[in-house]
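Q: Could you take me through this structure feature by feature, giving the general idea before each case?

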Amino acid sequence: MFEAILRIIALTRKELLAVLKDPRARFSLLVPPILQCLIFGYAASYDLNDVPYAVLDQDHSAASHDLLAGLDGSGVFHRVANLDSVENLKTYINERRALLVIQISQDFERRLQSGQPANIQVIADGRNSNTAGTATLYIETVVNAFNANWRSSHGQPGLTVQIVNRAWYNPNLETRWDIIPALIGTLTMMQTLILTAMSVAREREQGTFDQLLVTPFHPVEIMVGKALPCMLIGAVMATNILLVAWLWFRIPFAGSLLTLYAGLILFLLAAVGIGLFVSSIAATMQQALLYSFLVMIPFMLLSGLATPVSSMPISVQYFTLINPLRYAIEIAQRVYLEGAGIGRLMPDLWPMAIIAAVTLSAASWMFRHRLE
Amino acid sequence: MTLADIAKHNPLLAKARRIKALVKKEVRQMVRDPSSIAMGVILPVILILLFGYGLSLDVKNVKVAVVLEAPSPDITELVSGFQLSPYFDAQFLTSMPRALELMRDREVDGIVLIRSDVARNLAVGNAQVQVLVNGTDANHARIVQGYAQGAIGQWAARRAAEGHTVNVGPVTVDDRLWFNEANDSHYFLVPGLIVLVMTLIGAFLTAMVMAREWERGTLEAIFVTPVRVDEILLGKIIPYFAQGMVGLVLCMFAAKFLFHVPIRGSVWLLAGTSMLYLLVALSIGLVISSLTKSQFVASQITLLVTFLPAMMLSGFLFDIRSMPTPVRLLTYTLPARYYVALLQTLFLAGDVWGVVLPNATVLAGIAFAMLLLARLVTQKKLA
């Protein structure tokens, strides 16, 4: 037993040396995740802060000017043109010069003053319907403010139903706050899986795997020796991203590090298990890489990173139950933002433990099977 | 004179013959290695299915707890608004602490607190409804807030129509979504899918294949033959270009017949601009592999500079205009950015020359520059 541990330590050391001795490999393991985290942290946001819009104001009244001033003063909308015909409106949208065109008809103020409801027309570029929908919601907010203002200055009672909105865990509802903790899982999984799959395939391709086989190592020891260094590197990577989230983006960390790392270890076990399984099927590095990609992409797209799991069709939601990344993202977000403890995370932790157990034992079976 | 003799004397014909031999070798290798078939055919199919059936930004059946402190007949209509809405999967409670407990356990994504005096206060003009959401998924939370606001607003409007003293906002917004009237998120996900497929086949597969030849030294064996460097490059570009086009055709068929995304522009323009992007992706793959000469490093770098930016920074998911200036400037260097603009326009808006011409020109420029660069960095030299 003691000797087995010594052998595993030796193999781990050799593995770490093999990966980290190449300066380019060292660079590509450490720098890209941090860079990605920074760039995506800034870029990956559904929030809008610059919406170019054009106006077709056929009323030219004090009321329409007030309404537009509200838009211009919001800090989000900026006016790119005052149009004078419906023909122009089309070009502005078609050529993407404006995301929205607001059309105010000529009886706007007259209707308002006579107490009739007046409406403005908003035409949005639906090529990205999500962005267009968000921009339209922003317009509604500005219009609501205008309405409240109009009422109070014309002696009417305030807004009928006041809706008090409050958001837990992310008071300003910034997308960045949930994307970056999710990246801890995503980037770590991507790198760990590829690293594990490639580590065996490289030895196989270069013929050094046969050399490993003539040593006194038991197949399971070889597997553990391959898994351990990849988990170590994965843990370092996750820590780097956590530090970027915490120190650079200053997203408050609400939970306990102990809980987060407990989840992380389970997650790394599952990821390494999948990587080892892939590498036991692949004969070459290219195959290992392509197969890990084939596995990684569905896991990534169906994890809740880009689109919520609850919006997926029910049958696809069942598939997400075997996706370790789904649980990892949930754990990372819940520990990071909600400060959830182990007890509340149980529904996420035990499936991950099962996935890890299944993939690791499948990989070890494949290992023995292919080796003997 | 035999055909071989003619070839000997005509340099152009000899060149064509050498390229043909290289392409043949590459195609054989492709067919015999199951992984490149997986990459070229299975991956696009998986992506198409995932994008078409898995991904959706449309929010429905959000689990909310509606807390009624004391049931009263005045608010039954408001309550049924939540009950009947396709957006909500509401459960009704009478105690707030219980609702908070559900929210902490993630059993519900939001809480709507309706006090029993809301109807009475509505007449006086100071009614209040509280909407509490879990902000862990900010985008989702904002959409939930919007829907709740809609449900409450509709109730107020209906009461106004029934003659209760209620004031509806004097200005209402009438919004229209051009190009995607039904607000179907497939319409913008499917063009994005094509970008990803083309990037994977173009850059990733080529980078791996070329890096493998460098790493294994098989390129050295080719170097001693009379083939020239440009012929080696063409021998790689032609078969993977063909594979990329197969991927494109698969995606276009899926877009049209599976997801019913309209193709409002010309199919030829769509194919032409896709070829330009494919050339760019292929030459990026070749440049990376010639520079790194290692499969592992090449794969990591290709992932970093092509696939991830194509997904996150190309404007297909996230709006480029809202990114901070340095990141926005960075997107100008990404070929995917121009390709996404072209695809979204050609699919949904039509042949808008004001968008097509500038973007296609930039793409052609990048393709030319990258091909030149690939030729420059690939030398008949041993590493």
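Q: In which helix of chain B does Ser290(B) lie?

A: Before the case, some conventions: this is a predicted model, in which local features need pLDDT of at least 70 and side-chain atom pairs count only at pLDDT 80 or more, while totals for chains, interfaces and linings use all residues. Residues are numbered from 1 along each chain as its sequence is written, and chains are lettered from A and ligands numbered from 1 in the order in which they are written. Helices (H or I, at least four residues) and strands (E, at least two) are DSSP runs, numbered from the N terminus. Ser290(B) belongs to helix α11 of chain B, residues 267–292.

Q: Is Ser290(B) buried or exposed, and which residues is it in contact with beyond its neighbours within four places in sequence?

A: A residue is buried if 20 or more other C-beta atoms lie within 10 Å of its own, exposed if 12 or fewer, and partly exposed in between, with C-beta atoms placed from the backbone. Ser290(B) is buried because 24 other C-beta atoms lie within 10 Å. Two residues are in contact if their C-beta atoms, placed from the backbone, lie within 7 Å, and on that basis Ser290(B) is in contact with Met210(B), Ala374(B), Val377(B) and Thr378(B), once neighbours within four places in sequence are left aside. The C-alpha atoms of Ser290(B) and Ala211(B) are separated by 6.9 Å, although these residues are 79 residues apart along the chain.

Q: What is the sign of phi at Lys293(B), and where does Lys293(B) lie?

A: Most residues other than glycine have a negative phi, and most peptide bonds are trans. Lys293(B), which is not a glycine, has a positive phi of about 55 degrees, and its place is the loop between α11 and α12 of chain B. With 17 other C-beta atoms within 10 Å, Lys293(B) is partly exposed. Arg96(A) also has a positive phi, of about 60 degrees, without being a glycine; this residue is found in the loop between α4 (86–94) and β3 (100–104) of chain A and is partly exposed, with 18 other C-beta atoms within 10 Å.

Q: What span should helix α12 of chain B have, and where is its kink centred?

A: The expected span of a helix is 1.5 Å times one less than its number of residues. For the 18 residues of α12(B), residues 295–312, this gives 26 Å, and the end C-alpha atoms are 24 Å apart, which agrees. The bend at a residue is the angle between axes fitted to the seven residues ending there and the seven starting there, and α12(B) has a kink of about 40 degrees centred on Leu303(B). Because 15 of its 18 residues are buried, α12(B) is largely enclosed by the rest of the structure. In chain A, the 25 residues of α6 (residues 129–153) should span 36 Å, and the end C-alpha atoms are 36 Å apart, which agrees.

Q: How many residues of chain B are in contact with chain A?

A: There are 88 residues of chain B in contact with 93 residues of chain A. The elements of chain B that give two or more residues to this side include α3 (34–54), α8 (186–216), α12 and α15 (353–377). By class, the chain B side has 48 nonpolar, 30 polar and 10 charged residues, where Ala, Val, Leu, Ile, Met, Phe, Trp, Tyr, Cys and Pro count as nonpolar, Asp, Glu, Lys and Arg as charged, and the others, Gly among them, as polar.

Q: Which residues touch the most other members of the largest nonpolar core?

A: A nonpolar core is a set of buried Ala, Val, Leu, Ile, Met, Phe, Trp, Tyr and Cys residues joined through C-beta atoms within 7 Å. In the largest core, of 205 residues, those touching the most other members are Ala197(A), Ile241(A), Val112(B), Leu193(B), Val195(B) and Val280(B). The element that gives the most to this core is α8(B), with 21 residues. Leaving out residues up to four places away in sequence, Leu193(B) touches Leu47(B), Ile48(B), Phe51(B) and Cys251(B). A second, separate core has 34 residues, including Leu83(A) and Tyr92(A).

Q: How far apart do the C-alpha centres of the two domains of chain B lie?

A: Domain bounds come from an automatic or database domain assignment, which divides chain B into domain 1 (25–55 + 184–377) and domain 2 (62–161). Their C-alpha centres lie 47 Å apart.
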